[in-house]
Amino acid sequence: ITMTIQHNNDQETKHNFIAGEWRNSSNHIQNINPSDTNDVIASYAIATKDDVQDAVSAATSALPAWSSSTSGERFDILDAIGTEIIQRKEELGDLLAREEGKTLKEAVAEAHRAGSLFKFFAAEVYRSDTEGYRSLREGVSLQVQREPIGVVAAITPWNFPLAIPAWKIAPALAYGNTVVFKPSELVCGSAWALAEIISRAGLPDGVFNLLMGQGSETGAAIVEHPNVAGVTFTGSSDIGRKIGASVFARGGKIQLEMGGKNPLIVLDDADLDKAVEYAINGAFFSCGQRCTASSRLIVTENIHDSFVDAMLKRMELLRIGNARNPKTDIGPVVSEAQLKKNLEYIRVGLNDGAKHLTGGLQVEQETPGWYLSPALFTGAKSEMKICREEIFGPIAAVMSVSDYDEALSIANDTEFGLSAGIVTNDRSIIDHFIANINSGMVQINLPTAGMDFHAPITGRKNSSFGPPEKSSYCREFFTNTKVVHANYGKRLNSKKEES
């Protein structure tokens, strides 16, 4: 990823948060608005290796006190964070749209979701951390206790710069862990704003730390630190596998959410208008930059042409423009590097024999930006690169099939298994699809993208590794279990002797 690094610049700078203090550095990342590349939002301090060491040390020192804090203390802090985020959702959403290119409507909704996640995990602190069972042995009690794992590294991507940090940081704190947070260098603005809110919520120094910088340097130093007990990472499969191997080698815990190549199946009996809306939403909203995006549209041959015609007409109505304009449907892609990558996939799709119907062109607007019109291919086959690799852009491929059985087979023909959808009114097929699709999340007559904030995110195959994220299921990552068998004396025997 290309980014601008400044040395001792005079521009407004935002610092890292370490051991309860804001700390500057000599090098900074310039945060560029993808809707207007002349707009530099701010400069953000790049953490050094010494900063990483200090942050992990601070988190380690703060762990004993925070892990023994009361449920009431944790609730008050997490609930206050969630409340402020929701109160400021318009402001935070505008910042998110400005730095990532997500449309304003989607960005404000994401800010609200981030606040809701903190409130959800505020309530989770009141769940019991001990479960009792009946032992098989007379006079023996059996309990399973939950304890925090320790220092947690939360490493997050650029496509959901408020929501994904929230669903990692909030449960980590709720379950008594301390946190070192490393966001993507492309979205330091949202990360810094979130950290600033957290910094004022009443956490003891060192419980939460923010380190900004590149993944290859700052992120690697965090992942490799021996005092980091667990790493929760969302990003590419390649990077996830490297992180997983590194953390596993030293006995740490791993929670990885990675790529997707998500299918949306459309069958003969589908409501065509609704199917098109689901496909447009899943494939092109957020500029296709969602791990749950519908990049493979698998359509039965009897309705294939009608579906494609309806897609083309609907795509003509999509308004491309500045992400902060309320009328915009499709904003820019996040960076110049991402734009080049997407354009290369357009070229590869053509070379592999797919038919390029529309889009995939750079679009000029009033301000210079990384705008790309949504692209649609037909004649796509499973062996083609555009049907196998995660693109992370507004590019979708229509695949024609003879019937449901072939559609299901093609849907499962991928190394990923994150989200999958089907559009049909046949209940028997729906039941079969739910049972046989090899995907962690299933959408019936809905877009493949879009999840309730309190439901778990989980994938199959190369999409995920480790316990699910979000909801109470994530407790499996953020806590360790301790099984306690206890014999509390001879009271039972003494009573027998007396009788």
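Which residue forms a salt bridge with D329? In this predicted model, the partner of D329 is R319, and the closest N and O atoms of the two side chains are 3.1 Å apart. The pair links distant parts of the chain, since D329 and R319 are 10 residues apart, and each residue sits in the loop between α10 (301-316) and α11 (336-351). R319 has a relative accessibility of 47% and therefore counts as partly exposed.

The bridge between D329 and R319 belongs to a longer list, as a search of the whole structure finds 25 salt bridges. Two others on that list have R23 in common. R23 forms a salt bridge with D51, where the closest N and O atoms are 2.9 Å apart. This contact connects distant parts of the chain: R23 lies in strand β4 (residues 21-23), D51 lies in helix α1 (residues 49-67), and 28 residues separate the two. R23 also forms a salt bridge with D54, with the closest N and O atoms 2.8 Å apart. Here too distant parts of the chain are linked, with R23 in strand β4, D54 in helix α1, and a separation of 31 residues.

The three residues can also be described by their accessibility. D51 has a relative accessibility of 5%, so D51 counts as buried. R23 has a relative accessible area of 29% and is partly exposed. D54, at 32% relative accessibility, counts as partly exposed. The cut-off behind these labels is 20% relative accessible area, because a residue under that value is called buried.

Salt bridges can also share partners in a longer series. After the pair of D329 and R319, a further case is the network that joins E84, R88, E91, E196 and R200 through shared partners.

The next features concern strands. Strand β7 (residues 130-134) and strand β8 (residues 140-148) run antiparallel and are joined by five bridges. Within this pair, T130 stands opposite Q145 in β8. β7 and β8 form a hairpin, and five residues lie between the two strands. In the turn, G139 has a positive phi of about 80°. Strand β8 has another partner in strand β24 (residues 479-487), with which β8 pairs in the antiparallel sense over nine bridges. V144 stands opposite V483 in β24. Strand β8 thus takes part in the pairing with β7 and in the pairing with β24. In a regular strand, side chains alternate between the two faces of the sheet.

Open and enclosed spaces were examined next. Rolling a probe the size of a water molecule over the atoms shows where empty space is left. The second largest pocket holds about 710 Å³ of space. The lining of this pocket consists of 30 residues, and E106, A109, F160, S286 and R290 are the closest to its centre. Helices α4 (104-124) and α5 (163-174) each supply at least two residues of the lining of the second largest pocket. The element that gives the most to this lining is α4, with six residues. By class, the lining of the second largest pocket comprises 13 nonpolar, seven polar and 10 charged residues.

Cavities of 30 Å³ or more number three in the whole structure. The largest cavity has a volume of about 90 Å³. Its lining is made up of 16 residues, and G288, A293, S295, I391 and F392 lie nearest the centre. The elements that give two or more residues to the lining of the largest cavity are α9 (272-284) and β15 (294-300). The lining of the largest cavity divides into six nonpolar, seven polar and three charged residues.

The second largest cavity has a volume of about 60 Å³. This cavity is lined by 16 residues, of which P263, A411, T414, F416 and G417 lie nearest its centre. Two or more residues of the lining come from each of β14 (262-266), α12 (404-412), β19 (416-417) and β20 (419-423). By class, the lining of the second largest cavity contains six nonpolar, seven polar and three charged residues.

How values were computed:
Residues are numbered from 1 along each chain as its sequence is written. This is a predicted model: local features need pLDDT of at least 70, side-chain atom pairs count only at pLDDT 80 or more; totals for chains, interfaces and linings use all residues. Side-chain values use heavy atoms; hydrogens and water are left out. A salt bridge is a side-chain nitrogen of Lys or Arg within 4 Å of a carboxyl oxygen of Asp or Glu. Helices (H or I, at least four residues) and strands (E, at least two) are DSSP runs, numbered from the N terminus. Buried means under 20% relative accessible area, exposed over 50%, partly exposed in between (1.4 Å probe, protein chains only). Two strands pair if DSSP finds at least two bridges between them. On a 1 Å grid over the protein atoms alone, a cavity is a set of points where a 1.4 Å probe fits but cannot get out, and a pocket is an open set with protein on both sides within 12 Å along at least five of seven lines; lining residues have an atom within 4 Å of a point. Grid points are joined across faces, edges and corners, and a volume is the space filled by probe spheres set on the points. Ala, Val, Leu, Ile, Met, Phe, Trp, Tyr, Cys and Pro count as nonpolar, Asp, Glu, Lys and Arg as charged, and the others, Gly among them, as polar.
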